Amino acid sequence: MATKTGATIGMAGSYNSHSLPQRALIESSKPFIEKAIEILNISSGESPVIIADFGSSHGSNSMHVIKSIIDYIQALNKTDRQFLIVHIDLPTNDWKSFFDILNHQDKKFFSMAIGQSFYKQCLPPKSLTIGYSSASIHWLSQKPCNITDHCISIFAQGDELQAFKEQARDDYRNFLENRSLELIQGGILILVMNCFNDEGLTMTESVYHLLYKCAKSILSPNEELPNYTLPVYIRSYDECVDTELFDQYSFEVIHSNMSAVDFKFYGQLKNNEMELEEFSRKQTEFIRCATDSVLREALESTGKRSKVDIDQLSNQFWSLYKEHVYQNPDDFDIKCYQTYVVLKKL
Ligand SMILES: C[S@@+](CC[C@H](N)C(=O)[O-])C[C@H]1O[C@@H](n2cnc3c(N)ncnc32)[C@H](O)[C@@H]1O
C-alpha cells in the first residue's frame, strides 16, 4: 500500500548530539520495521539469521535499530536461531568510534563490519534476511559534476541537475540489484530515504544556503569553491518508490509513505528547554559531522593547502556557520522529509 502523510515524529534515548537527527529518523521508521517483521517468515535451521545495516556510520544509531529489530522478532517468537549483524559503511567511515561503541554494547547478537560501498555486492547471494538503511542512500557513489552557484543538487539546473538525477538512478539501481542478489526469497528491505515534499521542498533549504554562504567566505572563488559540491541527491517520492526498478529486481512493495520528521531542536529552543548557545552548537555539530569531509576535499583539491591550514579553515567555516545560526535561529526550524519503503524479495 503506498500512501503519503505528513506526521511529525519525536525522539527517544540518550546519544551524542550529532546522532540526534538521524536517531529521529530511525525512531520514525519503527512502525514500518514492525510491519516488515510481521510479514517475515524465518525458516528453522542451524545457521544464523543475517541482518545488515547499510550506512552504519559511528554505530550508535545502527546498534539501536538492530536491537529494535531483534527485540521485535523475539517478541513475536519468529525464531530461536542466532543473529549475525553486518554493519556496512565506507572504508573512510569513523571505524574507531564504531568499534568503541560496538565493544561497549551488551549484545545478544554476533556482529561484523564491512568497509566497502553499499553500491556493490557486500554479502553472498541469498544470505540476507533483513536489510535496513536510513539516511544514507542520498549520498551518491560520486558527484557527476560540480554545481554552478550552489553546493547541492536541489538548486542545480539544466544539464547539471540532469547529471545528478541520472547518477542517483544508476546508484539506486545498483543498490537494489545488489540487495536483491543478497536477500533470501521472502527477505525484507527497509529503506528510509531523504526526499522532498509535494511542493518540492526538503525543509532543510536554510542549511544548504548557509553551507554555501560559508563556503563563499572561506574557499578561494575560482579554484576551491566550484569543487564544494555535495555528492548528494535528494529524491522525489516517486524517485524513491521506483516501481520499475522494484519490478526489475523482484521486489514487492509492502509499504511506502512519506512523512516529515521534526528534529525538535527548534521546539526545545522556543519552549526554553534549550539555550540559544546550545541550539546553535547542536545545529552546527550535526551538519559538520555530515559534511565536513566535503569541505576538506574542496580545500585539498588544489594541493596548495597544508593540513594545518585545512584544519584552521574548517574550524573557521564552522564558527561562521554557528554564529549565523545563533544570529538567525528562526531560519533553522528544520524538518526532514523522508520516504519509507518496505520491500519483500519475491
Ligand atoms: C547520515 S549518515 C547515516 C548513518 C546512520 N544510518 C544513521 O541513521 O545514523 C550516512 C552514512 O552513509 C555512509 N555512506 C555514504 N555512502 C556510502 C556508500 N556508498 N557505501 C556505504 N556507506 C555509505 C556514510 O559514510 C555515513 O556513515
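Here are some notes on the structure above, going from the whole chain to the ligand and then to a few single residues.

1. **What kind of model this is.** Before you start clicking around, keep in mind that this is a predicted model. The numbers in these notes are computed from it, so read them as a description of the prediction.

2. **The overall build.** If you colour the chain by secondary structure, you should find 11 helices and seven strands. The radius of gyration is 20 Å, close to the 20 Å that the globule rule gives for 346 residues, so the chain is as compact as a globular protein of that length. Along the principal axes, the C-alpha atoms fill a box of roughly 60 × 45 × 40 Å.

3. **Inside and outside.** How much of the chain is buried? Buried residues account for 52% of the 346 residues. The accessible surface adds up to about 15,400 Å², and carbon and sulfur atoms own 48% of that.

4. **Who touches whom.** Take the contacts between residues at least 6 apart in sequence: 83% of them join residues at least 24 apart. Keep that in mind when you read along the sequence, and look at the 3D view alongside it.

5. **The ligand and its shell.** There are 16 residues around the ligand, and Gly-55, Asn-61, Asp-89, Phe-118 and Ser-134 come nearest. What classes of residue make up the shell? It has six nonpolar, nine polar and one charged residues.

6. **Three serines at the ligand.** Try finding these on screen. Ser-117 has a polar side-chain atom 3.1 Å from a nitrogen atom of the ligand. Ser-134 comes in with its backbone instead: a polar backbone atom there is 2.9 Å from a ligand nitrogen. Ser-136 has an N or O atom in its side chain that sits 3.3 Å from an oxygen atom of the ligand. On its own the ligand would expose 590 Å², and the protein buries 89% of that.

7. **Two residues with positive phi.** Have a look at Ser-57, which has a positive phi of about 55° although it is not a glycine. You will find Ser-57 in the loop between strand 1 (49-54) and helix 3. With a relative accessible area of 30%, Ser-57 is partly exposed, because that value falls between the 20% and 50% limits. Lys-126 also has a positive phi, near 55°, and is a residue other than glycine. Lys-126 belongs to the loop between strand 3 (110-115) and strand 4 (128-134). Is Lys-126 buried or exposed? Its relative accessible area is 63%, so Lys-126 counts as exposed, the limit being over 50%.

8. **His-64.** This residue is part of helix 3 (residues 60-75). Its relative accessible area is 22%, so His-64 is partly exposed, given that buried means under 20%. Which residues does His-64 touch, not counting residues up to four places away in sequence? They are Arg-23, Ile-26, Glu-27 and Lys-30. As for Arg-23, it is 41 residues from His-64 along the chain, yet their C-alpha atoms are separated by 8.6 Å.

9. **Asn-257.** Move on to strand 6 (residues 251-262), where Asn-257 lies. At 5% relative accessibility Asn-257 counts as buried, because the limit is under 20%. The side chain of Asn-257 makes a polar contact of 3.2 Å with the side chain of His-255.

10. **Lys-344.** Strand 7 (residues 335-345) holds Lys-344. Its relative accessibility is 25%, so Lys-344 counts as partly exposed. Leaving aside neighbours within four places in sequence, Lys-344 has contacts that include Ile-39, Gly-186, Ile-188, Phe-251 and Glu-252. Lys-270 is 74 residues from Lys-344 along the chain, and 42 Å separates their C-alpha atoms.

11. **Glu-300.** Finish with helix 10 (residues 276-300), where you will find Glu-300. Glu-300 is partly exposed, with a relative accessible area of 47%. How far apart are the C-alpha atoms of Glu-300 and Ser-256? They are separated by 41 Å, and the two residues are 44 apart along the chain.

How values were computed: Residues numbered from 1 in each chain as written. Predicted model: local features only at pLDDT ≥ 70, side-chain atom pairs only at ≥ 80, totals over all residues. Heavy atoms only, no water. Near = heavy atom within 4 Å. Polar contact = N/O pair within 3.5 Å; in protein donor to acceptor, adjacent residues only side chain to side chain. Areas by Shrake-Rupley, 256 points an atom, 1.4 Å probe, with all protein chains shown as cover. Nonpolar A, V, L, I, M, F, W, Y, C, P; charged D, E, K, R; others polar. Helix = DSSP H or I, 4+ residues; strand = E, 2+ residues; numbered from the N terminus. Rg over C-alpha atoms; globule rule 2.2 N^0.38 Å. Buried < 20%, exposed > 50% of the residue type's maximum accessible area, 1.4 Å probe, protein only. Contact = heavy atoms within 4.5 Å.
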